[in-house]
Amino acid sequence: MTRALTQRQAELLTRLEALFLTEGFGHLTLDDIAGRLHCSKSTLYALAGSKEQLAVRVVGRYFKGAAERIEKRIAGLNDVRKRIGSYLAGAAEELNKASAAFIADVSDFPPTRATYERNARAAAERIKAFIQDGVELHVFREVHATLFAEMAGLLIESIQTGVLTKRAGVSDAEAFTALGELLLDGLQRTGAHQRE
């Protein structure tokens, strides 16, 4: 069982998250981090046993916080189309907080990459649930919800890693908006789809 954080430790984690999101973490040593945050290395060791464990903790905290903020954003939205659009817009906003250096460091370090991949899978599961809700409510046409969600998940991953945005020459926010349009336009019930 882990001990509850002191107020100072919680504040330190918040500042550490901001530092990592801005600059990444791969190039920083514990001495660098302690100097930047005006704390001792022993204070950092109270949060995690090593720089690598600290990175895992901070990355996990970032993704957990992002997921909570996105869920709060969509709470109470009954229209499944608005839920998907707001969910993806929230994901775009959260990712805009992360620098390219942070995303690259997360991707390059296997333990943080695993956290990132769990987050991407969870996002795909949420989208799948939204699609299934829309199909059951006859808002969306009958589709293979798992397949659509997995395709959306791959696109989210491609946006998060910068591959799609670099190839298309767009921002993360523009890519998420386009993903929302692609999903919602592809799922809508119109014309021939309504007669099926």
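**Aromatic contacts and helix packing**

In this predicted model, phenylalanine 20 touches Phe25, Leu28, Ile33, Ala55, Val58, Ser99 and Phe102, leaving aside residues up to four places away in sequence. Phenylalanine 20 sits in helix α1, and its relative accessible area of 1% places it among the buried residues, for which the limit is under 20%. Isoleucine 74 offers a useful contrast to these contacts: its C-alpha atom is separated by 27 Å from that of phenylalanine 20, with the two positions 54 residues apart along the chain.

Two of the residues touched by phenylalanine 20, Phe25 and Phe102, bring us to the aromatic rings. Six aromatic pairs emerge from a search of the whole structure. One of them joins phenylalanine 25 to phenylalanine 102, with ring centres 6.3 Å apart and planes at 75°, so the geometry is edge-to-face. The assignment follows because an angle over 60 degrees between planes counts as edge-to-face, while centres must lie within 6.5 Å for a pair to be recorded. This pair connects distant parts of the chain, 77 residues apart: phenylalanine 25 belongs to the loop between α1 (7-23) and α2 (30-37), whereas phenylalanine 102 lies in helix α6 (residues 100-108). Both partners are buried, phenylalanine 25 at 4% relative accessibility and phenylalanine 102 at 1%. Beyond this pair, ring pairs gather Phe20, Phe25, Tyr62, Phe63, Phe102 and Tyr116 into a cluster.

Attention now turns to helix packing. Two packed helices are described by the angle between their axes and the distance between the axes. For helix α5 (residues 80-96) and helix α10 (residues 172-187), the axes come within 8 Å and cross at roughly 165°. The two helices are therefore roughly antiparallel, and α5 passes α10 in a right-handed crossing. On the α5 side, the contact is made by Arg81, Ile84, Leu88, Ala91, Ala92, Leu95 and Asn96; α10 contributes Asp172, Ala173, Phe176, Leu179, Gly180, Leu183 and Leu184. Sorted by class, this contact has 10 nonpolar, two polar and two charged residues.

Helix α5 also packs against α7, where the axes come within 9 Å and again cross at roughly 165°. That angle makes α5 roughly antiparallel to α7, but here the crossing is left-handed. From α5, Val80, Arg83, Ile84, Tyr87 and Leu88 meet Ala122, Ala123, Arg126, Ile127, Phe130, Ile131, Asp133 and Gly134 of α7. The classes in this contact are nine nonpolar, one polar and three charged residues. Ile84 and Leu88 of α5 take part in the contact with α10 and also in the contact with α7.

Finally, the backbone deserves a brief look. Most residues other than glycine have a negative phi, and most peptide bonds are trans. Histidine 38 has a positive phi of about 55° although it is not a glycine. Its place is in the loop between α2 and α3 (41-47), and at 67% relative accessibility histidine 38 counts as exposed. Histidine 138 likewise carries a positive phi, of about 65°, without being a glycine. This residue is found in the loop between α7 (110-136) and α8 (145-160). Histidine 138 is exposed as well, with a relative accessible area of 55%.

Methods. Residues are numbered from 1 along each chain as its sequence is written. This is a predicted model: local features need pLDDT of at least 70, side-chain atom pairs count only at pLDDT 80 or more; totals for chains, interfaces and linings use all residues. Side-chain values use heavy atoms; hydrogens and water are left out. Rings of Phe, Tyr and Trp (its six-membered ring) pair if their centres lie within 6.5 Å; planes under 30 degrees apart count as stacked, over 60 as edge-to-face and the rest as tilted. Helices (H or I, at least four residues) and strands (E, at least two) are DSSP runs, numbered from the N terminus. Buried means under 20% relative accessible area, exposed over 50%, partly exposed in between (1.4 Å probe, protein chains only). Axes are lines fitted to C-alpha atoms, for helices over the stretch in contact, and angles run from 0 to 180 degrees between N-to-C directions. Angles under 35 degrees count as roughly parallel, over 145 as roughly antiparallel, 65 to 115 as roughly perpendicular and the rest as oblique. A crossing is left-handed if the near helix is turned anticlockwise from the far one by less than a right angle, and right-handed if clockwise. Contact means heavy atoms within 4.5 Å. Ala, Val, Leu, Ile, Met, Phe, Trp, Tyr, Cys and Pro count as nonpolar, Asp, Glu, Lys and Arg as charged, and the others, Gly among them, as polar.
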